[in-house]
Amino acid sequence: TTGLTLLATAAPTRHWQTQQGVEWYFDRVNSTRVDETRPAGTATARRGLYPNGATMHSVAVFSNHTLTFDRLTLTGGARYNAFRITTPDAMLGTTTLRPSAWVGQAGASYALRPWLRAVASAGSAFRAPNIDDLGTLGIVDFRYELPNPRLRPERSFNTEVGLKVRSNRVAATLLAYHNRLTDFISRVRSGRDSLQGYPVFLKQN
């Protein structure tokens, strides 16, 4: 994994603070397997658990803002993330996905007392399928896993509201929240009964 993060902070006014940035990551997987036969001493090269040479590029830009007044604090921000995931496979062919998404969040905090604040927030999230999700082929933890090149990104929307207490002796938080998760990536049994004596699974949304 190679990564680069550029981050800038500013305070345009005494009430307003901002944070902007850019992130870039590049992942590359080298995966090999060799089956040895003993005592003959023969060795056979085979596909590793992951596609050899699989790569994942990620670039993101984001901006976060905080407004602070007498009793009220407001926060908000947005992020754009784009991916390019490539899994080359001699048997299954090369798969390339280019998912991208905007996500954002907003929140408010109000001081009811010097030691008590009411808080609320809402935000969206996004997770692209990774090389493990797209390219695993073989025996993993007492199961045989097949790759699925048709996976979609996971998405969620979370809301929460609550109270925060902070004094010289006590710090506590009480929150109620709701998270709506869609296209969750999970392992499921495939249509095949078994491979090499193991139950067969693949990942699906």
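Two residues are said to be in contact when heavy atoms of theirs lie within 4.5 Å. In this predicted model, Arg-143 offers a first illustration of the term. Leaving aside neighbours within four places in sequence, Arg-143 is in contact with Gly-138, Arg-187, Tyr-198, Pro-199 and Phe-201. Arg-143 lies in the loop between S10 and S11. Its relative accessible area is 13%, so Arg-143 is buried, since buried means under 20%.

## Overall form

The protein has one helix and 15 strands. Its C-alpha trace spans about 80 × 35 × 30 Å along the principal axes. The radius of gyration is 24 Å, whereas a compact globule of 205 residues would have a value near 17 Å. Of the 205 residues, 30% count as buried. The accessible surface comes to about 13300 Å², and carbon and sulfur atoms account for 55% of that surface. Among contacts with a separation of 6 or more, 54% join residues that are 24 or more positions apart.

## The sheet beside Arg-143

Strands of a sheet pair through backbone hydrogen bonds, either parallel or antiparallel. In this protein, four strands form an open sheet in the order S10-S11-S15-S14, with mixed pairing. Its edge strands, S10 (138-139) and S14 (186-195), each pair on one side only. Strand S10 and strand S11 (residues 144-146) pair in the antiparallel sense over two bridges. Ile-139 has Tyr-144 in S11 as its bridge partner.

## The largest nonpolar core

In soluble globular proteins, nonpolar side chains tend to be buried together. The largest nonpolar core of this model has 13 residues, and the members that touch the most others are Met-56, Phe-83, Ile-85, Phe-126, Ala-128, Ile-131 and Leu-134. At least two residues of this core come from each of strand S5 (54-68), S6, strand S8 (100-113) and helix H1 (131-135). Ala-128 touches Phe-83, Ile-85, Pro-99 and Pro-153, when residues up to four places away in sequence are not counted.

## Aromatic pairs

The structure holds two aromatic pairs. In one of them, the ring centres of Tyr-80 and Trp-102 are 5.2 Å apart and the planes stand at 45 degrees, so the pair is tilted. This pair links distant parts of the chain, with Tyr-80 in strand S6 and Trp-102 in strand S8, 22 residues apart. Tyr-80 counts as partly exposed because its relative accessibility is 28%, and Trp-102 counts as exposed because its value is 62%.

The rings of Phe-83 and Phe-126 have centres 6.0 Å apart and planes at 40 degrees, so this pair is tilted. Phe-83 in strand S6 and Phe-126 in strand S9 (residues 116-127) are 43 residues apart, and their pair links distant parts of the chain. Phe-83 is buried, with a relative accessible area of 14%. Phe-126 counts as buried at 17% relative accessibility.

## Pro-88 and its surroundings

Pro-88 is found in the loop between strand S6 (72-87) and strand S7 (95-97). With a relative accessible area of 27%, Pro-88 is partly exposed. Not counting residues up to four places away in sequence, Pro-88 touches Pro-51, Asn-52, Gly-53, Ala-54, Gly-93 and Thr-94. The C-alpha atoms of Pro-88 and Ile-131 are separated by 11 Å, and these residues are 43 residues apart along the chain.

## Backbone features in loops

The peptide bond from Arg-38 to Pro-39 is cis, with omega near 10 degrees. Pro-39 is placed in the loop between strand S3 (32-37) and strand S4 (42-47).

Two residues with positive phi values are set out below.

| Residue | Phi | Loop | Relative accessibility |
|---|---|---|---|
| Asp-183 | near 60 degrees | between S13 (171-182) and S14 | 28%, partly exposed |
| Gln-196 | about 55 degrees | between S14 and S15 (198-204) | 57%, exposed |

Asp-183 is a residue other than glycine, and Gln-196 is likewise not a glycine. Asp-183 counts as partly exposed because its relative accessibility of 28% falls between the limits of 20% and 50%. Gln-196 counts as exposed because its value of 57% is over 50%.

Note on methods. Residues numbered from 1 in each chain as written. Predicted model: local features only at pLDDT ≥ 70, side-chain atom pairs only at ≥ 80, totals over all residues. Heavy atoms only, no water. Buried < 20%, exposed > 50% of the residue type's maximum accessible area, 1.4 Å probe, protein only. Pairing = 2+ DSSP bridges. Core = buried A, V, L, I, M, F, W, Y, C linked by side-chain atoms within 4.5 Å. Rg over C-alpha atoms; globule rule 2.2 N^0.38 Å. Areas by Shrake-Rupley, 256 points an atom, 1.4 Å probe, with all protein chains shown as cover. Phe/Tyr/Trp six-rings, centres within 6.5 Å; stacked < 30°, edge-to-face > 60°.
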